[in-house]
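Please look over the chain shown here before reading on. The report that comes after it is meant for someone meeting this structure for the first time.

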Amino acid sequence: MADELPEYDIDDASPRLLWAEDGSPRSGRFGDVYFSKDDGLAETRAVFLDGCGLPDAWAGRADFTVAELGFGTGLNIVALLDLWRRSRPENGRLHVFSIEGFPLTRDEAARALSAWPELAEIAEALLAVWPEGTPGFHRLDLPQWQTTIDLAVGDAEWALGQWSGPADAWFLDGFSPALNPGMWSPEIMALIAARSAPGARIATFTVAGAVRRGLTEQGFLVEKKPGHGRKRERLEAHLPSPPPQRVSRPHVAVVGAGIAGASVARALIAGGARVTVVEAEHSGAGGSGFPAALVTPRLDAGDALIAGFHAQALERAGDLYRALPDAVIAEGVLQLEQAARDAARFDKIAAQDLWPAAAMTRLDAAACTAHLNAPVATGGLMMRGAMALRPSAVLEPWLAGAERMTARVATLTPQDGLWRLLDAGQGLILEADIVVLTAGWGAAALAPELPLSPVAGQADWVEGPNTVPVAWGGYAVPTESGLLYGATHDRGQAAPTADDQASARNLATLAAALPALVATVEAASSSRRRVAVRATTPDRLPVSGGLPAPGLYALTGMGSRGFCVAPLLAEDLAAQILDRPSPLPLATRKRLSPGRFA
């Protein structure tokens, strides 16, 4: 099975959606209906909700996961959410994983769901976070109901192979086995079993013999039940093992309070963990402490998995940052060409199907000049989903739910099933079940097995002059009241100091790309500068996952991409720690894990 995003044609020549006279939608590709024209909502409730024993199955559960094959119009999920909001356990969290090979647009789904005005509030909430139909995993947040939805766009076998699971209940709602046999293959049945929690339940409308046999061969107990409407029968199945027991809430120590630490704290707290953040100085004391930051992906025209990861990371980061008051300074970042090969490379990137329509747009020199309102000599790539960010508006809200300690961790020692965090004098700072190292270059001393390298970077900023966000070999970013530019890139420097020489280098870099800005920068009444050290790895990819010692994890090595990739990687890390479904494909997790250096 391929690790990369599937080569899946979602632009089939057949009409993808047809509308019957009664308003019900039908697939033009498969010739099957999305829901019953008699009463689709009642059918969903009878077949899937009742068929999986809901709401009784989630009674008393802190977390419950439903997986679905066939997202379609979203009707099943809307009905599920309606039941969940009326009957969910106190502080219960619902996880949904759904797969769709041929996603509908938001407008198409809205037309289909409008048939049930009694569910308008839930439908509107789902439509508000309706994702683009790009291949890969998309995480959707519905915090008002303590629900997250991970939608996988692509082939079902690929998506199930990349999902971490496990599911407590399954809605098997692909188009009929006769019309869409690939959704009901033995390989799919094996993956469903592999991604099922103990006691998992399955519901489906079909009683086809191949489906019954496939589930039985995977250890499910299968029963025919009375059908709904014109259908005489439906199917229920379950694993005979008892459901999972409720586990205690772990205490997690997060070492570091930059964007990595704040992202991990947010994700763990959302998952119900107790979190203590330990920081030697204050939040943003390292590379996350500048007045502005760029949120940009790594542009990769050759490595499909890494390109897909950055597309997913940018989408997730943007969704989370836009939800924070005053966090986003400006949206859209222009990446200027630096070398002759960049023109062809940018053409390839703009053509990748990983990005939503118009998310990556090629501009010639004239268009770049017009966008910047300043002359430039090269073309560029307009990254509309990228942004300029105010770090302080992200760090504090995401750290707010954590306990905070100011201390410098010098040693980590396992003892009696706990981790002891000690200072330089071997004094005890804290004991915790789990430790996550998020201190950037500071993680190197605590996890010497990681091949981290320091890179010092100084940036300068002034009050008054401004520009739209733009990057090349350097960058210029608007702040709340001026302009930040830089940055130096000095490998091997672990303890730098800000100095005039680095400021002169930053100004020269700015002058080479945007000479019209230099005069206003030099004339500014006040200027400041700051230097920080970032951590990089030999392959220039982040490190995220468990270290060899049980209960010890790391999120570091992000270089200059921390604000882009940390939110998504932190959610995957929290999923590993709490044994919850992850938004990250397993192939990506493996590629970025510390184990790749073993």
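The text below takes up confidence, helix packing, salt bridges and backbone geometry in turn.

**Confidence**

This is a predicted model. The mean pLDDT of the chain is 93, and 93% of the residues reach a value of 70 or more. Residues 7-15 are a stretch where the pLDDT falls below 50, and beyond near neighbours in sequence this stretch has 16 contacts in the model. Where pLDDT is low, the predicted coordinates should not be read in detail.

**Two helix pairs**

Packed helices can be described by the angle between their axes together with the distance between those axes. Helix H14, which covers residues 500-513, packs against helix H15, which covers residues 515-522, at an angle of about 140° and with the axes 6 Å apart. That angle makes H14 oblique to H15. The residues that H14 brings to this contact are Leu-507, Leu-510, Ala-511 and Ala-513, and they meet Pro-515, Leu-517, Val-518, Val-521 and Glu-522 of H15. Sorted by class, the contact of H14 with H15 holds 8 nonpolar residues, no polar ones and 1 charged residue.

How do the axes of helix H9 and H16 cross, and within what distance do they come? The axes of H9 (residues 304-322) and H16 cross at roughly 90° and come within 7 Å, and the two helices are therefore roughly perpendicular to each other. On the H9 side the contact includes Phe-309, His-310, Gln-312, Arg-316 and Tyr-321, while on the H16 side it includes Phe-563, Cys-564, Pro-567 and Glu-571. The contact of H9 with H16 is made up of 12 nonpolar, 2 polar and 2 charged residues.

**Salt bridges**

Side chains of opposite charge can pair when their charged atoms come close. Across the whole structure, a search finds 31 salt bridges, and the table lists three of them with the distance between N and O atoms.

| Residue | Partner | N to O distance |
|---|---|---|
| Asp-63 | Arg-580 | 3.0 Å |
| Arg-85 | Glu-121 | 2.9 Å |
| Arg-139 | Glu-571 | 3.9 Å |

The salt bridge between Asp-63 and Arg-580 links distant parts of the chain, since Asp-63 is in strand E3 (residues 63-69) and Arg-580 is in the loop between helix H16 (562-578) and helix H17 (586-592), 517 residues apart. Asp-63 and Arg-580 are both buried.

The salt bridge of Arg-85 with Glu-121 likewise links distant parts of the chain, with Arg-85 in helix H2 (residues 75-87) and Glu-121 in helix H4 (residues 120-128), 36 residues apart. Are the residues of this pair buried or exposed? Arg-85 is partly exposed, with a relative accessible area of 31%, whereas Glu-121 has a relative accessibility of 52% and so counts as exposed.

In the salt bridge of Arg-139 with Glu-571, Arg-139 belongs to strand E5 (residues 136-142) and Glu-571 to helix H16, so the pair ties together parts that are 432 residues apart in sequence. Arg-139 has a relative accessible area of 11% and is buried, and Glu-571, with a relative accessible area of 6%, is buried too. Arg-139 and Glu-571 also belong to a network of salt bridges that links them with Asp-141, Asp-150, Arg-266 and Arg-316. Arg-316 and Glu-571 appear again in the contact between H9 and H16.

**Backbone geometry**

Which residues does a cis peptide bond join? One such bond joins Leu-54 and Pro-55, with omega about 15°, and Pro-55 is found in the loop between helix H1 (40-49) and E3. Another cis peptide bond joins Gly-486 and Ala-487, with omega about -10°, and Ala-487 has its place in the loop between strand E25 (482-486) and strand E26 (490-491).

Positive phi values in residues other than glycine also deserve mention. Asp-416 has a positive phi of about 55° although it is not a glycine; Asp-416 lies in the loop between strand E18 (411-415) and strand E19 (418-422), and with a relative accessible area of 73% Asp-416 is exposed. Gln-426, likewise not a glycine, has a positive phi near 65°. Gln-426 lies in the loop between E19 and strand E20 (428-432), and Gln-426 is partly exposed, with a relative accessible area of 46%.

Definitions and conventions: Residues numbered from 1 in each chain as written. Predicted model: local features only at pLDDT ≥ 70, side-chain atom pairs only at ≥ 80, totals over all residues. Heavy atoms only, no water. pLDDT = per-residue confidence, 0-100. Contact = heavy atoms within 4.5 Å. Axes fitted to C-alpha atoms, helices over the stretch in contact; angles between N-to-C directions. Helix = DSSP H or I, 4+ residues; strand = E, 2+ residues; numbered from the N terminus. Parallel < 35°, antiparallel > 145°, perpendicular 65-115°, else oblique. Nonpolar A, V, L, I, M, F, W, Y, C, P; charged D, E, K, R; others polar. Salt bridge = Lys/Arg side-chain N within 4 Å of Asp/Glu carboxyl O. Buried < 20%, exposed > 50% of the residue type's maximum accessible area, 1.4 Å probe, protein only.
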